[in-house]
Amino acid sequence: TQNNVEKTSVTMLGLGEMGTALARTWLAAGHPLTVWNRTPARAVALAAEGARVADSATEAVAANTLVIVCLLDDTAVDEVLDGTDLAGRDLVNLTTSTPAQARARAEWARERGARYLDGGIMAVPPMIGIPEAGGYVFYSGSRDLFERHQETLGVPVGTTYVGEDAGFAALHDVALLSAMYGMFAGAAHAFALIRKEDIDPAALAPLLADWLVAMAPAVHQTADQLRSGDYTKGVVSNLAMQVAGTPTFLSTAEQQGVSPELLSPYFELMRRRLAEGSGEESLTGVIDLLVH
Ligand code: FVH
C-alpha cells in the first residue's frame, strides 16, 4: 500500500554514514520515521525530507515500538540506550559487534522487557536502497520479531535470517569479512609480484578477478567435506602436490623482491597437515589445525 498510515513507524538511533543511508530509504518508502543522533546537525537533512527529530534518545525510543540502532560500536550502544525505557520495544541492533557482545545485548534487552534482533550489515552505504547492488543484512535472535518486521527491515537492503542465537548474525558477518580479507591479502601479494615489472596492474586486475570468481565455488567442496568428514572426497589437487609447489611460490616472491609474509603462514599450516600424513586430502584439513 502507498498509505503512510499503514506503514510501520520506525525509530532510528544513529545517523552516521550507514544510519543515514538506512533512514533515508524508510522515509522514501513512506514509513513514519523518528530519528536521533548525538550530533544533532546530522539530522537536519533528514528532517527536511520528513523525519521527526527527537530531542533525546529517550524520546526517540518512546516514540515507536520498532527501534533500530546503528551506532559506531557496542560501547556507543550502551551510552545511547542507557536510561531509555525499552519495555515492550522491538530492538533491532545493526551496530557491528562480536557474537559475545550480541548475545550479551540480547540478554540485556530481555532483562529490560524488549524483544531483540541483532544484525550484521553486508553492505556499504552506497549499496543501501539499491536492490541490484546485492547488499543484505544477516539477522539473528527472535524469529518472531524478524518475521513481524521482515517487510520493514527489507526496505533498505535484503534480509537473511540465520537463527535464534543472537550471536549468529555477527558470526556470519565476521566469517564473510574474514574470508574477504584473505582474498585481499592474496590479491595484494599478486600485485606486489608484478609491481616492479612492465605489467599494467589494470591488465592484471580482470585476470585476477576472473580467477578468484572461478576458484570461489571450491568452498562448496570444503563444506561437503567438513560435513562428511572425508577430506579426500572429490579431490583434484591433493595436499602433497600443493605443498610440493610451495617452493615455487616462495622462490618467485624472493626473485621479485616481495616479502612472503602474507603467504607463509598458510603454507606452514599446509606443511603441518601434510606432516600428519594427510597428503591425499584437499586443503580442508588446515581448518582443523586452526580450531583449538
Ligand atoms: N560504513 C560502512 O561501510 C560499514 C558497512 C558495514 C556496517 N558498518 C557498521 O555500521 C555501524 C555504523 O557505521 P557508520 O558508517 O554509520 O559509522 P559513522 O559514520 O562513523 O557513524 C557512527 C555513529 O555512531 C555515533 N556514535 C559514536 N559514538 C557514540 C557515542 N559514544 N554516543 C552516541 N553516539 C555515538 C555517531 O554519532 P555522532 O558522531 O554523529 O554524534 C554516529 O551516529 C558501525 O557499527 C559499522 O561497523 C558500517
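This report describes the overall layout, the sheet, the nonpolar core and the ligand surroundings of a predicted model.

## Overall layout

The protein chain has 292 residues, of which 33% are buried, and its C-alpha atoms fill a box of roughly 65 × 45 × 35 Å when taken along the principal axes. Its domain assignment gives two parts, with domain 1 covering 4–165 and domain 2 covering 172–290. Taken over C-alpha atoms, the centres of domain 1 and domain 2 are separated by 38 Å.

Twelve helices and eight strands are found in the protein chain. When the contacts between residues at least 6 apart in sequence are considered, 59% of them join residues that are at least 24 apart.

## The sheet

The eight strands form an open sheet with mixed pairing, and their order is β3-β2-β1-β4-β5-β6-β7-β8. The edges are taken by β3 (52–53) and β8 (158–161), each of which has a single partner strand, so one side of each is left without a neighbour in the sheet.

At the β3 edge, the pairing can be followed down to individual residues. Strand β2, made up of residues 33–36, pairs with β3 in the parallel sense over two bridges, and T34 has R52 in β3 as its bridge partner.

## The nonpolar core

In soluble globular proteins, nonpolar side chains tend to be buried together. In this model, the largest nonpolar core has 52 residues, and those with the most contacts inside this core are M12, L13, A23, V35, I68 and V69. Helix α1 provides the largest share of this core, namely five residues.

V35 offers a closer view of such contacts: leaving aside residues up to four places away in sequence, V35 touches M12, L15, A23, A43, L46, A51, V53, A54 and A60. Two of these partners, M12 and A23, are also listed, like V35, among the residues with the most contacts inside the core.

## Around the ligand

Which residues are the closest to the ligand? The ligand is surrounded by 22 residues, and the closest are G16, M18, R38, T39 and T96. By character, the residues of this shell divide into ten nonpolar, seven polar and five charged.

Two helices, α1 (17–28) and α4 (74–81), each supply at least two residues of the shell around the ligand. Helix α1 therefore appears in two parts of this description, since α1 contributes to the ligand shell and also gives the core its largest share of residues.

Notes. Residues numbered from 1 in each chain as written. Predicted model: local features only at pLDDT ≥ 70, side-chain atom pairs only at ≥ 80, totals over all residues. Domains from an automatic or database assignment. Near = placed C-beta within 6 Å. Helix = DSSP H or I, 4+ residues; strand = E, 2+ residues; numbered from the N terminus. Nonpolar A, V, L, I, M, F, W, Y, C, P; charged D, E, K, R; others polar. Buried ≥ 20, exposed ≤ 12 C-beta atoms within 10 Å, placed from the backbone. Contact = placed C-beta atoms within 7 Å. Core = buried A, V, L, I, M, F, W, Y, C linked by C-beta atoms within 7 Å. Pairing = 2+ DSSP bridges.
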